[in-house]
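Thank you for making time this morning. I would like to walk you through one model, and I will try to stay with what the coordinates themselves allow us to say.

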There are 2 protein chains.
Amino acid sequence: MVQDNASGQGGTGTFRPGSGTAARRRPTLRMVAELAGVSTATVSYVFSGRNGGGSGVAEPTAKRVLEAAEQLNYRPNRAARTIRTGRSDTVQLSLHMLSDPWSLAVAAAVNEEANRHGLTTLILADGDWYAALDRVESDVAYLDAAVGSDEARRKLQALAERGQRLVVFSETLEPDGYDVIRSDAIPGCYLAMDHLLERHTAIGCLVAEGAVRTPEHSRYTPYLVRMRERGLPIVPEHTATYADTQASAFTAAVALLSREDRPTAIYATTDFAAIAAINAAHMLGLRVPHDVAVIGIGNTPDAQSIAPTLTTVGPTDFYRRQAEIIVARALDSGDGEPGLHEFPWSLVPGGSTDLDAPPRPARTN
Amino acid sequence: MVQDNASGQGGTGTFRPGSGTAARRRPTLRMVAELAGVSTATVSYVFSGRNGGGSGVAEPTAKRVLEAAEQLNYRPNRAARTIRTGRSDTVQLSLHMLSDPWSLAVAAAVNEEANRHGLTTLILADGDWYAALDRVESDVAYLDAAVGSDEARRKLQALAERGQRLVVFSETLEPDGYDVIRSDAIPGCYLAMDHLLERHTAIGCLVAEGAVRTPEHSRYTPYLVRMRERGLPIVPEHTATYADTQASAFTAAVALLSREDRPTAIYATTDFAAIAAINAAHMLGLRVPHDVAVIGIGNTPDAQSIAPTLTTVGPTDFYRRQAEIIVARALDSGDGEPGLHEFPWSLVPGGSTDLDAPPRPARTN
DNA sequence: GAACGGAATCGAATCGATTCGATACCTCGA
DNA sequence: TCGAGGTATCGAATCGATTCGATTCCGTTC
């Protein structure tokens, strides 16, 4: 099953030369103390920087301790520290899907903010968020896209009562011993439609399969509502659905844009689908935004890394501010009781709908 | 900075109704034992399934313990368990870049394999891999793309001597108390060039900036070598460089393909750049592979999610097999001494170079 | 009825750190 | 010379689990 050939090049042996076979066990603080001829307390003070009553460890003693630690190759055991102090200096992110651009953006932002405060970010990707919480000790846990079921509510509250600090992202849950971050997309979707309606009447829709089946509170509704309000015809063939793969969105967009009566603008319910639509348009020889305008939803970082840049809607400065909330809760510096944090959405203009921009901004090298 | 308005809807108060303010501290095994009227040993046996000498905990006792635990909302403290048993049931992945398709594919595969064995996967994304290793206790740590510097070698060996089990992905390091996974891209790059040379002579190159500056052992070399071997002219303008953003690769590809004397095939040094090239071709109205063929390098999952599918080179079944090695090491079931695990590369045919395929396979809905 | 054997449970040591109160040491002033 | 006061260090309890050897409580057997 696995091919081992440790003698890759030359005749260098497999075993490390200097170290005997005895060096198997991990060195402990006590060993360091013995080697340095001090108590365990002193070693601990040297490593933690703190000190019980006095103003610190004397210089020569500290030097001796550090040398002993170096010689033994000592590093503190995190689990032992955690059990004693009750802190793990760790932020846990439980993400439902690893490759989702939203999740990645959150992870990157939290990681940066956590590092700034000396914390470590742990990412757990698992189908079962709640199980994940019982698998690692962490100062605070962030749950991605928590649903509002009664079971979820119960489990979250149980965790909170046990003292686990929690931040959940949810459009339906209410705070209940834990923080809730909410960023309702629907008002933003109306902004997106309004933007397109300034210049277009033949608008197509690129929407996730599930949203068409159950349109209530989905991103499909704003499309239907606005079209109806303006008295515009809702052409069934102008709605194309996609699953959650890039290829699926691309295929759907091609089908939509290769019609005789193709729309002059596309309302895509995710940035990711909007980007697929731009690629599809280019493949079909259509210019964006002149032949077809495209708007996305979500304001993910990807929106900036395509030519032309994507017009989208989303919360502003969302990732950074969300990261601040999470880390503040880990440090227990959050403002008192957990509560609701709302992030309103707004329009983020880009080249994919801006007719006044030069046709192909990406061409310059 | 943060807007709290916990009274979101209706008049529901902020505080949870049932629980008093006393329920602040996390319940311990001892509390469960007292409530159930048994010793801590018994509670531990109930939760771990194991038992000291006897054949198990009696049914009525176990029931009493579980009820007490349920009532107190008890969950074992992982840090305490880790310190006592020396195992954390945890696999740690230290990735240098979170959004890299390779890293994500590794993470997904390891996560699946780890779950299958009751382990939890922790992902650390950090600039400093070695520092990350001192921040969490884990049964095994995987290091992404370790460089072969002397400092890296020293640090890795120090970790290994301390008993930390390690699996590193590296093209230059040799095993030294830790496993090395190697998957040399260069032979694969030659395969890619050979594939293009079967039908093309005017071949362009899309290469990372760094590789052009220091071509030794880079993916640029196989391009130069093969072109020279065949006596084909190496047109300087047929080499375009990109940084590590999608937009950058896209721009480079557009520049390359909008030339009068554009090449009929593109050798891209990553799948990611190859995909950008396909998109660029489509935008310029060029058909892939008829007007321009494209080959990528790496065999990432993304290669399958574009139309036409990408021809690429890479190791086969790499992610799953790599995951097996890592998890086996965590469970200490790996075959004895750590060693070298090599994954050879081969050609993965796709539509982006296959002239016999229908022109636009994505068109069907 | 006493000795025996096995199952169920218990008590206490232990893992590797932190931290509080106590102690040893030193200097300085009267 | 003695005591006060401050500093550096130490000893031991502790965090929450696991686990080994010991103990109790049965029902059997002779």
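Let me begin at a small local detail, since it is easy to find on the screen: A:Pro289 sits in the loop of chain A that runs between α12, residues 271-283, and β9, residues 293-297. Please keep in mind throughout that this is a predicted model. The peptide bond joining A:Val288 to that A:Pro289 is cis, with omega at about 10°. If you turn to the other protein chain, the bond from B:Val288 to B:Pro289 is cis as well, and there omega is near 5°. B:Pro289 is placed in the loop between α12 (271-283) and β9 (293-297) of chain B.

While we are looking at backbone geometry, there are two residues of chain A that deserve a moment. A:Asp89 has a phi near 55°, which is a positive value in a residue other than glycine, and A:Asp89 lies in the loop that connects α4 with β1 (90-95) of chain A. A:Asn299, which is not a glycine either, has a positive phi of about 55°, and the loop that holds A:Asn299 is the one between β9 and β10 (311-315) of chain A.

Now let me step back to the domains. Chain A is divided into domain 1, covering 20-85, domain 2, made of 90-182 + 318-345, and domain 3, covering 185-310. Taken over C-alpha atoms, the centres of domain 1 and domain 3 of chain A are separated by 61 Å.

Next, helix packing. Two packed helices are described by the angle between their axes and the distance between the axes. In chain A, helix α1 (residues 29-36) packs with helix α3 (residues 59-72) at an angle of about 125°, and their axes are 9 Å apart. α1(A) and α3(A) are therefore oblique to each other, and the crossing in which α1(A) passes α3(A) is right-handed. In chain B, I would point to helix α5 (residues 101-116) and helix α13 (residues 318-330), which pack at an angle of about 55° with their axes 8 Å apart. α5(B) and α13(B) are therefore oblique to each other, and they too make a right-handed crossing.

That brings me to the DNA, and I will take strand C before strand D. Which residues come nearest to DNA strand C? Of the 32 residues around DNA strand C, the nearest are A:Leu29, A:Ser44, A:Tyr45, A:Arg84 and B:Thr61, so named from both chains. Sugar and phosphate account for 61% of the atoms of DNA strand C that come within 4 Å of the protein. The bases are contacted as well: a polar side-chain atom of A:Arg84 lies 2.4 Å from a base oxygen of DNA strand C, and an N or O atom in the side chain of A:Tyr45 is 2.6 Å from a base nitrogen of DNA strand C. From the other chain, the side chain of B:Arg84 has an N or O atom 2.8 Å from a base oxygen of DNA strand C.

As for the elements involved, α2 and α4 of chain A, together with α2 and α4 of chain B, each supply at least two residues of the surface near DNA strand C. The largest share of that surface, 5 residues, comes from α4(A). By residue class, the surface near DNA strand C divides into 13 nonpolar, 13 polar and 6 charged residues.

For DNA strand D, there are 32 surrounding residues, and the closest are A:Thr61, B:Leu29, B:Ser44, B:Tyr45 and B:Arg84. Of the atoms of DNA strand D within 4 Å of the protein, 59% belong to sugar or phosphate, and the rest belong to bases. What does B:Ser44 approach on DNA strand D? A polar side-chain atom of B:Ser44 lies 2.6 Å from a phosphate oxygen of the strand, and B:Arg81 likewise places a polar side-chain atom 2.9 Å from a phosphate oxygen of DNA strand D. On the base side, an N or O atom in the side chain of A:Arg84 is 2.8 Å from a base oxygen of DNA strand D.

The elements that give two or more residues to the surface near DNA strand D are α2 (40-48) and α4 (78-85) of chain A together with α2 (40-48) and α4 (78-85) of chain B. Here the largest share, 5 residues, comes from α4(B). The residues near DNA strand D divide into 13 nonpolar, 13 polar and 6 charged.

Methods
Residues are numbered from 1 along each chain as its sequence is written. Chains are lettered from A and ligands numbered from 1 in the order in which they are written. This is a predicted model: local features need pLDDT of at least 70, side-chain atom pairs count only at pLDDT 80 or more; totals for chains, interfaces and linings use all residues. Side-chain values use heavy atoms; hydrogens and water are left out. A polar contact is a pair of N or O atoms within 3.5 Å; within protein, one must be able to donate a hydrogen and the other to accept it, and residues adjacent in sequence count only if both atoms are side-chain atoms. Helices (H or I, at least four residues) and strands (E, at least two) are DSSP runs, numbered from the N terminus. Ala, Val, Leu, Ile, Met, Phe, Trp, Tyr, Cys and Pro count as nonpolar, Asp, Glu, Lys and Arg as charged, and the others, Gly among them, as polar. Domain bounds come from an automatic or database domain assignment. Axes are lines fitted to C-alpha atoms, for helices over the stretch in contact, and angles run from 0 to 180 degrees between N-to-C directions. Angles under 35 degrees count as roughly parallel, over 145 as roughly antiparallel, 65 to 115 as roughly perpendicular and the rest as oblique. A crossing is left-handed if the near helix is turned anticlockwise from the far one by less than a right angle, and right-handed if clockwise.
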